[in-house]
Amino acid sequence: MMMFSLDDLWKSRFDGKECFNALEGLSASVHGGDIVTIVGPSGSGKSTLLLLLNRLEDPDRGRITYLGRDLRKWNVLDLRRQVGMVFQQSVMLSGTVRENVLYGPRLVGRECDEDPEALLRQVGLDSSLANRDARDLSGGQQQRVALARVLANDPAVLLLDEPTSALDQNAARGIEELLLGMQREKGLTCLWVTHDLAQALRLDGETWVLDCGRLVEAGPTVEVLNQPQHPAAREYLRSRLERGEAR
Amino acid sequence: MSITATVLTLVFIGLTILLSLWQRLGLERDLLIGTIRAAVQLTLVGYVLLVVFELRDWPYIVLMVMVMILVAAQNAARRGNQIPQVFWKVLAAITATEVMAMLVMLGLEIIPPTPQYVIPISGMVVGNAMIVAGLLLNRLQAEIEAGRQQIMVALSLGATARQAVLPVLRKTVRAGTIPIIDNLKTVGLVQLPGMMTGLIIAGVSPEVAVRWQLLIMFSLTAVSAVCAIVLAFLTYPALFTPAHQLREPGRSRDPAKS
Ligand SMILES: Nc1ncnc2c1ncn2[C@@H]1O[C@H](COP(=O)(O)OP(=O)(O)OP(=O)(O)O)[C@@H](O)[C@H]1O
Ligand SMILES: [Mg+2]
């Protein structure tokens, strides 16, 4: 089943002085149940791409379809619940951890169906945190709350922008196992931005390499990481490996 | 107060000009213009009021109040020049506020329906609404920028633009209403309000002057709240696209045209 198809996406940005392209003609597709890791240098357009898939922004040119239907034809509020997003910065809404986790379900009057404590335990947080002010938590705890908050909407697709960047190795692995489990059990699809090539290998799905707003390499993770074809991809992967970040 | 006494009040302006010259504050020009404008405008309004008070006809009262609202809206709208059709939104907010205030005061017969009451009190209501509107426009865009990430998170979880922006609107409306509430708490202790002072000097007993002052202060509190809320709800949609997307800063107009 085709989850997403991205066709020739362009997106310009304005940095206060000049306009430049954050995405330049990106095309790709994602199948249901895939885990796609997205890697690439800083500023290559990874976060921008995720914003388009959740329709927080629209591309200037090009077309995205979700489940075979143009993204613009979906009810945007339903779409965002189905295609959940975890931002690069964990931003807490005002209120307690419980209020954060229940924010999505409350919007559609479904808060009774959810058990916030269970969701917190799933992402590795003690359920006693539920009544704390969310903004008082540590960076790593906030990152986990952000994940629990999206899972509460029971999405079919997760857009994850470096969801374990504030966590240590063990904690990161815990999150990986959780999401891999959901992939196996419910067919969850993930687009997962990461700078950690070892993490990409552990997730062992597909990998896309972005460079200057273009998709320069895509394929099974092992192949992309071991035999990159495109010079920009090779260059990027080598620089990551030199820093001892994979294998 | 005699004409001579009035002319002698210019001593204060002369004193300020001397100070300005001595300390090189460069205020002389603005001071002169301001003094002349204040004298001319107030004198003219005095005569206009004299005429209007005689007329006692509703159309004239309404016309005069409409002129006040137009000038106030035009003035406040300058604070939100990035928002499309800001003038009409401010106009609607100030009009709604004035209508609310007059409905209560006339409907409950707190004031009699004569120009002597309706026009000066409308002037206070509209003037206050103007200040609140300007403040709100100034802050709304800044607060939305500051709360941008929270708004994006709320939207990404399926909130509508309105649901996502509500905490920011609350904060902004609160900021627009706090000055007058603070004023309620300190009035009389720090300063005697201008209107009450005027009444007392003109020979009204302090007891009656206080009653009028309370009416003004209480009504202006409601005026601030109503004007801020109406304007906030009229304004925020311009900062989002129809697909519940937060526009980029400075792109509250159609992004395709920028
Ligand atoms: N809101 C914005 N306004 C202006 N420019 C932006 C904005 N967001 C991103 N950009 C620019 O767009 C380009 C792509 O940014 P993006 O955030 O997609 O990169 P990224 O691949 O996620 O990088 P990183 O790995 O550092 O998170 C960058 O050059 C960035 O400076
Ligand atoms: Mg990013």
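**Exercises on a sheet and an interface**

Strand β4 (residues 61-66) of chain A is joined to β5(A) by 2 bridges, and the two strands run antiparallel. The exercises below concern this predicted model.

**Exercise 1.** Determine in which order the 4 strands of the open sheet in chain A are arranged, and why one side of β2 and of β5 is left without a neighbour.

*Solution.*
Step 1. Begin with β4(A) and β5(A), where Tyr66(A) has Arg69(A) as its bridge partner.
Step 2. Turn to the other pairing of β4(A): this strand and β1(A) are antiparallel, with 5 bridges. Within this pairing, Phe4(A) is the bridge partner of Tyr66(A).
Step 3. Add the pairing of β1(A) with β2(A), which is antiparallel and extends over 10 bridges. Here Lys11(A) is partnered by Leu23(A) of β2(A).
Step 4. Assemble the pairs: the order is β2-β1-β4-β5 in chain A, with antiparallel pairing.
Step 5. Consider the edges. β2 (19-31) and β5 (69-70) of chain A each have a single partner strand, so one side of each has no neighbour in the sheet.

**Exercise 2.** Identify the residue that takes a positive phi in the hairpin of β1(A) and β2(A), and state which helix lies across β1, β2 and β4 of chain A.

*Solution.*
Step 1. Examine the hairpin: 4 residues stand between its strands, and Gly16(A) has a positive phi near 100°.
Step 2. Locate the helix: α1 (residues 46-53) of chain A lies across β1 (2-14), β2 and β4.
Step 3. Give its direction: helix α1(A) runs at about 120° to β1(A).

**Exercise 3.** Describe the contact of chain A and chain B: how many residues take part, what area is buried, and which side chains meet in a salt bridge?

*Solution.*
Step 1. Count the participants: chain A contributes 25 residues and chain B contributes 18 residues.
Step 2. State the area: about 1,900 Å² is buried between the two chains, with 58% of it on carbon and sulfur atoms.
Step 3. Find the charged pair. The interface has 1 salt bridge, in which the side chains of Arg13(A) and Glu248(B) meet at 3.9 Å, N to O. This distance satisfies the cut-off of within 4 Å.
Step 4. Add the polar contacts, which comprise 7 residue pairs across the interface.
Step 5. Assign elements to the side of chain A that touches chain B: β1, α2 (76-82), α4 (103-107) and α6 (139-151) each give two or more residues. Of these, α2(A) gives the most, with 4 residues.
Step 6. Classify that side of chain A: 13 residues are nonpolar, 4 are polar and 8 are charged.

Technical notes. Residues numbered from 1 in each chain as written. Chains lettered and ligands numbered in written order. Predicted model: local features only at pLDDT ≥ 70, side-chain atom pairs only at ≥ 80, totals over all residues. Heavy atoms only, no water. Pairing = 2+ DSSP bridges. Contact = heavy atoms within 4.5 Å. Axes fitted to C-alpha atoms, helices over the stretch in contact; angles between N-to-C directions. Buried area = accessible area lost by both parts, 1.4 Å probe. Polar contact = N/O pair within 3.5 Å; in protein donor to acceptor, adjacent residues only side chain to side chain. Nonpolar A, V, L, I, M, F, W, Y, C, P; charged D, E, K, R; others polar.
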